[in-house]
Protein chains: 2
Amino acid sequence: MQPRHTINYCRVCGHAVEHRVPDDGDSRIRAVCPACHSIQYLNPLNVVGTIPVWEGKVLLCKRNIEPRMGKWTLPAGFMELDETTTQGAARETDEEAGVQIDMGALFSIISLPRVGQVHLFYRADMRSPDMHPGPETQEARLFAEADIPWSELAFRTTQITLERFFSDRQHGHYGLHDLSIE
Amino acid sequence: MQPRHTINYCRVCGHAVEHRVPDDGDSRIRAVCPACHSIQYLNPLNVVGTIPVWEGKVLLCKRNIEPRMGKWTLPAGFMELDETTTQGAARETDEEAGVQIDMGALFSIISLPRVGQVHLFYRADMRSPDMHPGPETQEARLFAEADIPWSELAFRTTQITLERFFSDRQHGHYGLHDLSIE
Ligand SMILES: [Zn+2]
Ligand SMILES: [Zn+2]
C-alpha cells in the first residue's frame, strides 16, 4: 500500500510549503516551498499486473493484506522506479503468486481518476502449475471461468479485466481494453 | 517539468526522514519518518500525448521550454491527478498545440526505467488544420513523412513513436507498441 499524504512540508529543506499556483506558467495549485523554491507534485500511480493462465484456468490470489483482505485479485501492485511496466508486472506476479510466466501483450489499461491510479494488466502464460504465494497472499488458486468468485473479487479493475478477458477469449481475439472508472 | 527531488524531510510532519527498508514487509529502501511513521514513496510518472494527424500530415511542436528548447516533439506532458490517460493526452494537445482532435487508440507505451517515466501516445485525428500553440510551444507545424525533422526531434520516444507510426501506416495496420528504452 502506498497511501497519499498531503504535502505539508518541503521534502528538500523541511520548511512548511505553500499551496498555490507556481510562478512558472503552471495553472494548478502545487506545494511550493517559500524557502528553497522547489515545487512538489502529486501524480497518478501505475499499478501493474498479469492475467496468468494455465490450461485455460486463470490464477487469482486471495489477499492477505488490507485493503480487501480475504478477497480475490489478479496479481498486481505499484510499479517501482527502475523497472518497465512488464518488469513490474512480472515482479508482482512472482511476489504475490510465485508463478513463472511468459509475458504476453498488454490487455487492459484502466484509469481511475478518483484515486489517481492507472491499472495495467498483461496476459501471461504460466510455465507450470506450480505456485509459491508470498506473505501478501493467503492462497493462490487456478479458476475455470465457471468457477470465478465474482462476488468475492477485491477490485473492480480485476472484475472488468476478467470479464473482458473471457469475452475476448470466446470471440477468439484478444484486444486492448482502454477504459476508465469514474 | 517535474524534477524529482531526493526526500530529505517528511512531507507530513517536517521531521528528517531515514532511508531504510520499512518494517511492513517491504523489501526496498524508502523514506521513513521516525517521528510520525509515514512512509514516502517515489514512483514512475506517466507522460501522455498524441500523434495528431491532418490530411496525412503529423503535427509537431517546437519546444519553447527546457529541456530541449527549440527541438520538435509530439504534444505530451505529465499526467495529472483527477484525469484519465486520454483526458491527459487531450489536455496536453490542447495546451501545447491548441488543436481540436478526435482521440484514437493507444499507439505506443514506452517505459523509461532510467528516468522513472512511462510515455503513452494516442493516435488522434485533427478536426481542422487550425492551431493555437500555447506559451510552451514556439511553433506548431504539420509535417509530411518526408519532411519530418528527424535530427531535430526533442525526445527518443517521439522518434520511436513516429518511426512506428509511419511503418504501421505503410503496412495498413496500426498496432500497439509496448517498448522500453534502457
Ligand atoms: Zn524547501
Ligand atoms: Zn513525519
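Two residues are in contact when they have heavy atoms within 4.5 Å of each other. Keep that in mind as you work through these exercises on a predicted model.

**Exercise 1. Get to know chain A**

Task: Find out how many helices and strands chain A has, in which order they run, and what percentage of its contacts between residues at least 6 apart in sequence join residues at least 24 apart.

Solution:
- Step 1. Begin with the elements: chain A holds 2 helices and 11 strands.
- Step 2. Now read from the N terminus, and you get β-β-β-β-β-β-β-α-β-β-β-α-β.
- Step 3. Turn to the contacts. Taking those in chain A between residues at least 6 apart in sequence, 60% join residues at least 24 apart.
- Step 4. Add the dimensions: the C-alpha trace of chain A spans about 60 × 35 × 30 Å along its principal axes.
- Step 5. Finish with the surface. Chain A has 182 residues, and 50% of them count as buried. Its accessible surface is about 8,400 Å², with 48% belonging to carbon and sulfur atoms.

**Exercise 2. The charges of chain A**

Task: Work out how far apart the mean positions of the positive and negative charges of chain A are.

Solution:
- Step 1. Count the charges: chain A has 18 positive and 25 negative ones.
- Step 2. Take the mean position of each set; the two lie 5 Å apart.

**Exercise 3. The zinc ion of chain A**

Task: Identify the residues that coordinate the zinc ion (ligand 1), then describe the geometry of the site.

Solution:
- Step 1. Look for the donor atoms. They are the SG atoms of A:C10, A:C13, A:C33 and A:C36, at 2.2 to 2.3 Å from the zinc ion (ligand 1).
- Step 2. Check the angles among these 4 donor atoms: they run from 101 to 118 degrees. Four donors count as tetrahedral if all angles lie between 85 and 135 degrees, and the site of the zinc ion (ligand 1) is indeed tetrahedral.
- Step 3. Follow the donors along the chain, where their spacing is C-x2-C-x19-C-x2-C.
- Step 4. Pick out one pair, A:C13 and A:C33, which are 20 residues apart and link distant parts of the chain. A:C13 sits in the segment before strand 1 (18–20), whereas A:C33 sits in the loop between strand 2 (30–32) and strand 3 (39–40).
- Step 5. Compare their surroundings. A:C13 is partly exposed at 30% relative accessibility, while A:C33 is buried at 0%.

**Exercise 4. The zinc ion of chain B**

Task: Explain why the arrangement around the zinc ion (ligand 2) is given the geometry it has.

Solution:
- Step 1. Name the donors: SG atoms of B:C10, B:C13, B:C33 and B:C36 coordinate the zinc ion (ligand 2) at 2.2 to 2.3 Å.
- Step 2. Use the angles. The arrangement is tetrahedral because the 4 donor atoms subtend angles of 101 to 118 degrees.
- Step 3. Note the spacing of these donors along the chain, C-x2-C-x19-C-x2-C.
- Step 4. Look at two of the cysteines: B:C10 is buried, with 0% relative accessible area, and B:C13 is partly exposed at 30%.

**Exercise 5. Unusual backbone angles**

Task: Locate the cis peptide bond from A:E66 to A:P67 and the positive phi values of A:H37 and A:E55.

Solution:
- Step 1. Recall the background: most residues other than glycine have a negative phi, and most peptide bonds are trans.
- Step 2. The bond from A:E66 to A:P67 is cis, with omega near -5 degrees. A:P67 lies in the loop between strand 5 (57–63) and strand 6 (72–73) of chain A.
- Step 3. In chain B, the bond from B:E66 to B:P67 is cis too, with omega near 0 degrees.
- Step 4. A:H37 has phi near 70 degrees. It belongs to the loop between strand 2 and strand 3 and is exposed, at 63% relative accessibility.
- Step 5. A:E55 has phi of about 50 degrees. Its place is the loop between strand 4 (45–54) and strand 5, and at 70% relative accessibility it is exposed.

**Exercise 6. Two buried residues**

Task: Decide whether B:T161 is buried or exposed, and do likewise for A:I39.

Solution:
- Step 1. Buried means under 20% relative accessible area.
- Step 2. B:T161, in helix 2 (residues 156–171) of chain B, has 1%, so this residue is buried.
- Step 3. Leaving aside neighbours within four places in sequence, the contacts of B:T161 include B:I51, B:L74 and B:F107.
- Step 4. A:I39, in strand 3 of chain A, has 16%, so this residue is buried as well.
- Step 5. A:I39 and A:P22 are 17 residues apart in sequence, and their C-alpha atoms are 7.6 Å apart in space.

Methods
Residues numbered from 1 in each chain as written. Chains lettered and ligands numbered in written order. Predicted model: local features only at pLDDT ≥ 70, side-chain atom pairs only at ≥ 80, totals over all residues. Heavy atoms only, no water. Donors = N, O, S within 2.8 Å, 3.2 Å for Na, K, Ca; no water. Tetrahedral: all angles 85-135°; square planar, octahedral: opposite > 155°, others 65-115°. Helix = DSSP H or I, 4+ residues; strand = E, 2+ residues; numbered from the N terminus. Buried < 20%, exposed > 50% of the residue type's maximum accessible area, 1.4 Å probe, protein only. Areas by Shrake-Rupley, 256 points an atom, 1.4 Å probe, with all protein chains shown as cover. Lys, Arg positive; Asp, Glu negative; His and termini not counted. Charge placed at Lys NZ, Arg CZ, Asp CG, Glu CD.
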